[in-house]
Amino acid sequence: MERKKVFEAELTILPPSVNRMYVYTTRGPRPSSDMKKFKAKASAQLAKQIPFGAKPLSQNTPYALRLEFHLPALLNKGWPKKAKTKYKRKDVSNLIKVVEDLLSWCLGIDDSCFLEVSVHKMDGLVSEFVGVKIEVHEI
């Protein structure tokens, strides 16, 4: 059964690494300046891609979220002679929540509606794109 795609977008920027998302103060973690810049730029890009006059997404509908993180380079150049691993150590699982929260805020739904989340790490050199491709489907 094919699922109905209800939203599609591209972000031409990547979220900061998990080590650069927050600064830790005596009052607890606070968003870093890198995180604040990412959220501002990404939310502006998302807002431009929401169709004007489109029917809003429902708070009570289950959705599947597909995220493709297109990284500048996926492979280590020095592998196998100099690099220990074939693939760069970019952990995209730490970036899911940031994009999920941003998307929820822009679309006006709670992220608890995302019952399925699929994440794909892609090579930007191959796809000729660096950023995040987003799809939301009704389940």
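What share of the contacts in the protein with a separation of 6 or more comes from residues 24 or more positions apart? In this predicted model, such residues account for 79% of those contacts. The chain has 139 residues, and 35% of them count as buried. Along its principal axes, the C-alpha trace spans about 55 × 45 × 25 Å.

As for secondary structure, the protein holds 3 helices and 6 strands. Read from the N terminus, the order of the elements is β-β-β-α-β-α-β-α-β.

Next come the pockets. The largest one has a volume of about 320 Å³. It is lined by 15 residues, and those closest to its centre are Val6, Ala54, Lys55, Pro56 and Leu57. Two elements, β1 (5-11) and α2 (96-107), give two or more residues each to this lining. By residue class, the lining splits into 10 nonpolar, 3 charged and 2 polar residues.

Pro56 and Leu57 turn up again around Ile109, a residue in the loop that runs between α2 and β5 (114-123). The C-alpha atoms of Ile109 and Pro56 are 9.0 Å apart, although 53 residues separate the two along the chain. Leaving out residues up to four places away in sequence, Ile109 touches Leu57, Ser58, Gln59, Tyr63, Ser104 and Phe114. Is Ile109 buried or exposed? Its relative accessible area is 5%, so Ile109 counts as buried, the cut-off being under 20%.

A second loop residue worth a look is Ser32, which sits between β3 (28-31) and α1 (33-49). Ser32 also counts as buried, because its relative accessible area comes to just 7%. Which residues does Ser32 touch, once those up to four places away in sequence are set aside? The contacts are with Arg20, Met21, Tyr22 and Val23.

Finally, the rings. A search for aromatic pairs across the whole structure comes back with 0. There is, however, a charge over a ring: the charged end of Lys133 sits over the ring of Phe129, at 5.0 Å from the ring centre.

Definitions and conventions
Residues are numbered from 1 along each chain as its sequence is written. This is a predicted model: local features need pLDDT of at least 70, side-chain atom pairs count only at pLDDT 80 or more; totals for chains, interfaces and linings use all residues. Side-chain values use heavy atoms; hydrogens and water are left out. On a 1 Å grid over the protein atoms alone, a cavity is a set of points where a 1.4 Å probe fits but cannot get out, and a pocket is an open set with protein on both sides within 12 Å along at least five of seven lines; lining residues have an atom within 4 Å of a point. Grid points are joined across faces, edges and corners, and a volume is the space filled by probe spheres set on the points. Helices (H or I, at least four residues) and strands (E, at least two) are DSSP runs, numbered from the N terminus. Ala, Val, Leu, Ile, Met, Phe, Trp, Tyr, Cys and Pro count as nonpolar, Asp, Glu, Lys and Arg as charged, and the others, Gly among them, as polar. Rings of Phe, Tyr and Trp (its six-membered ring) pair if their centres lie within 6.5 Å; planes under 30 degrees apart count as stacked, over 60 as edge-to-face and the rest as tilted. A charge sits over a ring if NZ of Lys or CZ of Arg is within 6 Å of the ring centre and within 35 degrees of the ring normal. Buried means under 20% relative accessible area, exposed over 50%, partly exposed in between (1.4 Å probe, protein chains only). Contact means heavy atoms within 4.5 Å.
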